[in-house]
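Hello,

Here is the structure I promised to pass on to you. Have a look at it first, and then read on for what turned up.

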Amino acid sequence: MRFATIMNKHRAAGRGGAGAVMGSKNLKAIAVKGRLSGTTADPRKAAQISRDGGKMAMEGGAAFAKYGSSIALNVFNEANTLPTRNFRAGHFAEIERIDDEALKNGFFVKDRGCFACPLKCGNVHTVKEEPCKLPS
Ligand code: SF4
């Protein structure tokens, strides 16, 4: 296929085509190892900027932190751009069965996010009852 993502154990970096660029160059992986931490000219200022940035992110992104990108499902559905049935449609009539609230209330297990991110927008879900009653 002509597209690819960069994966780790839990996350995927799919946007922007970086995975395809890696593939086109036959680069299979990037491994990083080490024990040294980075240096900054002004560690106290850097720490303050980091704290301020985290606070701003949490204030502005509380809903995003709670629901992750599923918060956008209803917006996309209203705009007729929600990939539905392999994008044969852009609107899903039963959106309330799979939207942010449905996922949070019916399937949520825990938050997960990228290293050191205060938002942790990743949501881990599981199907608690078999069979899963998603729309056909
Ligand atoms: S966990 Fe944080 S850094 Fe990772 S995708 Fe979500 S908001 Fe971005």
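How many helices and strands are there in the protein chain? Before you count, please keep in mind that this is a predicted model. The protein chain has 5 helices and 4 strands. If you follow the chain from the N terminus, the order is β-β-α-α-α-α-α-β-β. The radius of gyration is 19 Å, well over the 14 Å that the globule rule gives for 136 residues, so the protein chain is more spread out than a compact globule. Its C-alpha atoms fill a box of roughly 55 × 40 × 30 Å along the principal axes.

You can look at burial next. Of the 136 residues in the protein chain, 3% are buried. Among contacts with a separation of 6 or more, 36% join residues that are 24 or more positions apart.

Now for the domains. The domain assignment gives domain 1 (1-34) and domain 2 (43-136). Their centres, taken over C-alpha atoms, are separated by 22 Å.

A good helix to look at is α2 (43-60). With 18 residues, α2 reaches 26 Å from its first C-alpha to its last, close to the 26 Å expected at 1.5 Å a residue. This helix is hardly covered, as the count of buried residues among its 18 residues is 0.

Just before α2 comes a loop, which starts after α1 (18-24) and holds Val32. Is Val32 buried or exposed? Val32 has 4 other C-beta atoms within 10 Å; a residue with 12 or fewer is exposed, so Val32 is exposed. Val32 and Ile95 are 63 residues apart in sequence, and their C-alpha atoms are 41 Å apart in space.

Asn26 is found in the loop between α1 and α2 too. Most residues other than glycine have a negative phi. For Asn26, however, phi is positive, near 60 degrees. Asn26 counts as exposed, with 6 C-beta neighbours inside 10 Å. Phe87 also has a positive phi, near 65 degrees, and lies in the loop between α4 (73-78) and α5 (100-106). Phe87 has 9 C-beta neighbours inside 10 Å and counts as exposed.

Finally, which residues surround the ligand? They are Gly113, Cys114, Cys117, Leu119, Lys120, Cys121 and Gly122. By class, this shell has 4 nonpolar, 2 polar and 1 charged residues.

Enjoy exploring it!

Best wishes

Terms used:
Residues are numbered from 1 along each chain as its sequence is written. This is a predicted model: local features need pLDDT of at least 70, side-chain atom pairs count only at pLDDT 80 or more; totals for chains, interfaces and linings use all residues. A residue is near a molecule or strand if its C-beta atom, placed from the backbone, lies within 6 Å of it. Ala, Val, Leu, Ile, Met, Phe, Trp, Tyr, Cys and Pro count as nonpolar, Asp, Glu, Lys and Arg as charged, and the others, Gly among them, as polar. Helices (H or I, at least four residues) and strands (E, at least two) are DSSP runs, numbered from the N terminus. The radius of gyration is taken over C-alpha atoms; the globule rule is 2.2 Å times the number of residues to the power 0.38. A residue is buried if 20 or more other C-beta atoms lie within 10 Å of its own, exposed if 12 or fewer, and partly exposed in between; C-beta atoms are placed from the backbone. Two residues are in contact if their C-beta atoms, placed from the backbone, lie within 7 Å. Domain bounds come from an automatic or database domain assignment. The expected span of a helix is 1.5 Å times one less than its number of residues.
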